[in-house]
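Hi,

Here is the structure I promised to pass on. Have a look at it first, and then read my notes below.

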Amino acid sequence: MDKRLVVVAGKGGVGKTTVAAALGLLAARRGRRTVLCEVAAQERLAGLFGVSDVGHGEVELAPGLFSVSVQPEQAMREWLRHQLRSGALAGLLGGSRLFGYLTAAAPGVSELVTMGKVWDLAQLERRTGGSVFDLAIVDAPATGHGLALMSAPRTYANIARVGPIARQASLIDAFLRDRSATGVAAVALPEEMPVNETVDLERRLDEELGMEVDQVVVNAVLPDRFGADEARRLRADGHRGSDAAQAAVRAALAEHDRARGQREQLERLHAAVSAPVATLPYLFEPEPGRAELEQLADRLEEIL
Amino acid sequence: MIEDWLERKEVCICAGSGGVGKTTASAAIALGMAARGKKVAVLTIDPARRLANALGLPELGNEERRVDVDVPGELWAMMLDAKRTFDELIEWHAPDERTRDAVLSNRIYQELSGAVAGSQEYMAMEKLHELNQEGRYDLLVLDTPPTRNALDFLEAPRRLSEFIDSRSLQLLTAPGRLGLKVLGRGTSVAFSVMKRATGIDLLQDLAEFFRSFGDMTEGFRQRAGRVNELLADRSTAFVLVTSPRREAIDEGVYFHRRLKDMGLPFAGVIANRVQVAGGRANRRELDDLLGAGLGAEVYDSYARSRALAARDRANLDEMRRRLRRTPMIEVPHLQDDVHDIAGLRRMDEYLFG
């Protein structure tokens, strides 16, 4: 939590947005002015916090916690304005067909400018002159695309070799790989495939990008509700009640079995990753909101 | 039910955002159709290892492999290797060895074809088209890459062919400034401004990269056109795999509308991992049956799963209302993660009804 940039990565559907939001709340509680960056037109944070539309600018979600939805087109315009030091020239280039073809279609350009914008948000001196944050947290896309996002600066540094793009891309790449500046939180679920993908993510970050996972956060861990004796009693006595009681016992046993399966996966995860592993409880609230996020932040506060 | 959706279909494209069980659903559809006598191939990108093992796929490989499973039809599966598919495509389009080698050894090509997002999507569509042309299967099931926006992959062929489209290529590689003159002064000014933004070296490298493609660009453009024709063909069916969560409703509705706007054939929605719960238990009876402490825990556990089931129910009702006559299949949250043939067979009864 003492970095300037935290990338929240992991498989699709594991709760990256929720964990990013809880981390943001925790940082803001500790007095750090924090910005949550949404990429790839997600725009789910406002809904989670019950705030109206996030839009393009910075929106305050909670005291000291802001969100920005990073749009590649806008990030590109900002980059051009900075690079050319002229709004007029930037407009001319941005509006030209030639440039439009190249940038809209070249693989990885939108990832590069997105990462550039995220990098800028994490700087003490903002290139674009925006307000300064102590911490930027980026809610990254699912594993494969998340890695593509983080590797885009390096790819373009290699492609360009020299010149302004190479300089800029190398700067961002170095910032990402500087462990005192950038941290990675890998979000997982205590299930077979998400565990595999988390192990894989840690390995690929290391091999392909020279980055490390600082913290694994396992989301939606079921409570350990029934002990082995109780489960035995449920199996022994459960079938004696009415149909409704039997159904309830079956549901309870199903939850028990799921919780047990989760514990096995958690153990497997512990054994397979080198980063520390934290767990967050399953939220039974049908539509989690601000109150539930605060609960998760409480839990993270005990660990981080 | 899926059987009706796929009647007289040759291609089934499963789309949806990450983490909804798309790979599993694709494999279950393929297995189910093979169990009904079809020769089916499922194309998938980087599935979880155990599913790959269950399907008998050792590692990445661009060849389909027969899955060892006892069915009346045949089940084949392949894991796409985007980089290798791209290389194969270059080999296919290149008019001669010199052109082929020039592209494959080009630095920019090597960086872009392997490392960067976007090529996976294109290559998935490309492989689909290739297998469809060869006509060796009754049905192809494509598990699309997990993009956040479930429709990104539809844009991939157009985006890639535009990238290597001759127009931008001519601009950058025309001898002298002739090409720029043809396209007018505005472009010429933009070109000189671009030099300032990117540096001349990068532009020269790019020019060389485009030059290495030579005459292949037209081939790529035509190919992208044919991929799009296949997507719009009546023998293709799009299936949206979704979770019963609230954010999935908006996505499903958006997906449905976009496909209709684009004139693409939408078959239906598979709502995966739906929480189901029975009736209402009596607290006192549970206490009598199990003792007060344990009875209370069971009651509480049941109440919570019922609340989650009610949420899923409400979300799916809302989706049904907004999608009107679109067929929808619900697959309940199965006890274990589905990651083997037995798990896929358990999904069968829900998918095929």
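In α2(B), the buried residues (buried being under 20% relative accessible area, exposed over 50%, partly exposed in between, with a 1.4 Å probe and protein chains only) are B:K22, B:T24, B:A25, B:S26, B:A27, B:A28, B:I29, B:A30, B:L31, B:G32, B:M33 and B:A34. That makes 12 of the 14 residues of α2(B), so the helix is mostly covered. Helices (H or I, at least four residues) and strands (E, at least two) are DSSP runs here, numbered from the N terminus. From first C-alpha to last, α2(B) reaches 20 Å, close to the 20 Å expected at 1.5 Å a residue; the expected span is 1.5 Å times one less than the number of residues. After α2(B) comes B:G37, with a positive phi near 95 degrees.

Before you go further, some bookkeeping. This is a predicted model, where local features need pLDDT of at least 70 and side-chain atom pairs count only at pLDDT 80 or more, while totals for chains, interfaces and linings use all residues. Residues are numbered from 1 along each chain as its sequence is written, chains are lettered from A and ligands numbered from 1 in the order in which they are written, and side-chain values use heavy atoms, with hydrogens and water left out.

Now the salt bridges (a side-chain nitrogen of Lys or Arg within 4 Å of a carboxyl oxygen of Asp or Glu). There are 45 of them over all chains.

One joins B:D348 and B:R36, with the closest N and O atoms 2.9 Å apart. B:D348 sits in helix α17 (residues 341–351) and B:R36 in the loop between α2 (22–35) and β2 (39–44), both of chain B, so the pair ties together parts 312 residues apart in sequence. B:D348 is buried at 19% relative accessible area, and B:R36 is partly exposed at 32%.

In chain A, the side chains of A:E294 and A:R29 meet at 2.8 Å, N to O. Since A:E294 is in helix α12 (residues 290–303) and A:R29 in helix α1 (residues 16–29), this salt bridge ties together parts that are 265 residues apart in sequence. A:E294 is partly exposed at 21% relative accessibility, as is A:R29 at 35%. Both belong to a network of salt bridges that also links A:R290, A:D298 and A:E301.

On to the cavities. On a 1 Å grid over the protein atoms alone, a cavity is a set of points where a 1.4 Å probe fits but cannot get out, and lining residues have an atom within 4 Å of a point. Volumes are the space filled by probe spheres set on the points, which are joined across faces, edges and corners. The whole structure has six cavities of 30 Å³ or more.

The largest has a volume of about 460 Å³. Its lining holds 30 residues, with A:T103, A:V109, A:L112, A:Y156 and A:I165 nearest the centre. Elements from both chains give two or more residues to this lining, including α3 (72–84) of chain A and α11 (185–198) of chain B. The largest share, six residues, is from α6(A). By type, the lining has 21 nonpolar (Ala, Val, Leu, Ile, Met, Phe, Trp, Tyr, Cys and Pro), four charged (Asp, Glu, Lys and Arg) and five polar residues (the others, Gly among them).

The second largest cavity holds about 80 Å³ of space. Of its 11 lining residues, B:F86, B:Y109, B:L160, B:F163 and B:F209 are closest to the centre.

Cheers

Notes: 1 Å grid on protein atoms, 1.4 Å probe; cavity = no way out; pocket = protein on both sides within 12 Å on 5 of 7 lines; lining within 4 Å.
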